[in-house]
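Q: I am new to this structure. Please take one helix and look at it closely, then show me what lies around it and elsewhere in the chain.

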Amino acid sequence: MAIILVIAGFDPTGGAGLQADLKTITVLGEVGLTVATALTVQDTQGVEASYVVEKKIVKQQLDRLFSDFSIDAVKIGMLPNAEMVNFIGERLSQHHLPHIVIDPVIRAKKGFILNKATEALVKLFPLAELITPNLDEIEVFLGKKPESLEEMKEAAKRLKNFGAKAILVKGGELKTATDVLFDGSDFYIWEVTKRQLKPVHGTGCVLSSAIATFLAKGLSLPD
């Protein structure tokens with residue numbers, strides 16, 4: 001069985017964060033390992049507070065996991081501050097990990113800031129096989145929110161310059177839900193009619209964890 005390490009925040013509702021990641025990996029038939037970077041106080045309506053886990057605790061957990069498991073993929077979610085971002089980057093650089101997927105979590109749906117270190121986060125991108133920003137996160141990184149398919153493709157090309165091997169731009173909030181994958185040479189586009197108009201939190205967590213799991217299973221990125 002493939003082993004996927006998740007480094008992310010804790011959501012007590014289970015709808016996002018580590019719990020959603022772990023449920024996704026388990027449903028797909030593989031083994032999930034989890035290290036919490038922050039503990040959030042939230043319900044399905046929004047985030048009230050967030051508390052950073054001490055770096056020494058994160059370090060001890062990672063050290064034990066890396067010494068005991070052969071990890072096939074890593075999914076990175078919420079990294080609450082620059083110290084945590086830099087630390088995670090240093091630790092991952094010390095290991096030869098085949099697949100790293102970064103979901104660049106910045107803010108919750110109601111606007112609560114979950115990551116105050118976007119400049120540091122960008123420095124992690126060269127470690128990633130894939131980053132999965134949504135349109136709001138792209139606005140933070142590039143200063144402009146894509147509003148069309150062509151603007152999503154242009155944003156993907158600009159984000160590729162930060163060093164990740166591939167970019168998945170998520171446009172679920174558009175009238176026709178559209179995702180754009182750019183691997184540096186080719187674009188892959190998926191457009192679907194929305195099945196649910198009500199906002200749901202945790203969809204980015206589930207998607208990025210699923211992608212990391214399927215990469216660990218041996219599928220290609222477009223697949």
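A: The answer begins with helix α2 and then moves outward through the rest of the chain.

A word on the source comes first. This is a predicted model, in which local features need pLDDT of at least 70 and side-chain atom pairs count only at pLDDT 80 or more, while totals for chains, interfaces and linings use all residues. Residues are numbered from 1 along each chain as its sequence is written, and side-chain values use heavy atoms, with hydrogens and water left out.

Helix α2 covers residues 55-68. Helices (H or I, at least four residues) and strands (E, at least two) are DSSP runs, numbered from the N terminus. The 14 residues of α2 should span 20 Å at 1.5 Å a residue, and the C-alpha atoms at its ends are 20 Å apart, so the two values agree. The expected span is 1.5 Å times one less than the number of residues in the helix.

Which residues of α2 are buried? They are V58, L62, L65 and F66. Seen down the axis of α2, the buried residues fall within an arc of 95°, so they line one face of the helix. The arc is taken from the directions that run from the helix axis to the C-beta atoms. Buried means under 20% relative accessible area, exposed means over 50%, and partly exposed lies in between (1.4 Å probe, protein chains only).

The face of α2 turned away from the buried side carries exposed residues: K56, Q60, R64, S67 and D68. On the buried side, the residues of α2 pack against β1 (3-10), β2 (31-43) and α3 (82-93). Contact here means heavy atoms within 4.5 Å.

Salt bridges also involve α2. K55 forms one with E83, and the closest N and O atoms are 3.8 Å apart. This pair links distant parts of the chain, since K55 is in helix α2 and E83 is in helix α3, 28 residues apart. A salt bridge is a side-chain nitrogen of Lys or Arg within 4 Å of a carboxyl oxygen of Asp or Glu. K55 is partly exposed, with a relative accessible area of 37%. D63 also lies in α2. D63 is partly exposed at 25%. Salt bridges link D63, K59 and R91 in a network.

R91 is one of the buried residues of α3; the others are M84, V85, F87, I88, G89 and L92. The helix α3 has 12 residues. From its first C-alpha to its last, α3 reaches 16 Å, close to the 16 Å expected.

Next comes β1, a packing partner of α2. F10 is in strand β1. At 33% relative accessibility, F10 counts as partly exposed. With L39, V41 and Y51, F10 makes a nonpolar surface patch of about 360 Å². Patch residues have over 30% relative accessible area and no salt bridge; like charges are joined within 9 Å, and nonpolar side chains (Val, Leu, Ile, Met, Phe, Trp, Tyr) within 5 Å. Accessible areas come from the Shrake-Rupley method with a 1.4 Å probe, and for residues only the protein chains shown count as cover.

Helix α1 (residues 17-27) packs through its buried residues against β1 and β2, and also against β4 (73-76) and α7 (203-216). Among those buried residues are L18, A20 and I25. Just after α1, G29 takes a positive phi of about 90°.

Now look further along the chain. D63 and D136 are 73 residues apart in sequence and 34 Å apart in space, C-alpha to C-alpha. The structure holds 12 salt bridges. One of them joins K170 and D103, with the closest N and O atoms 3.5 Å apart. It links distant parts of the chain: K170 is in strand β7 (residues 167-171), and D103 is in the loop between β5 (100-102) and α4 (118-122), 67 residues away. K170 and D103 are both buried.

K170 is also in contact with M152. M152 sits in helix α6 (residues 149-160). M152 is buried, at 0% relative accessibility. Leaving aside neighbours within four places in sequence, its other contacts include L135, P146 and V169. E151 forms a salt bridge with K144, at 3.1 Å between the closest N and O atoms. Both ends are partly exposed: E151 at 30% and K144 at 46%.
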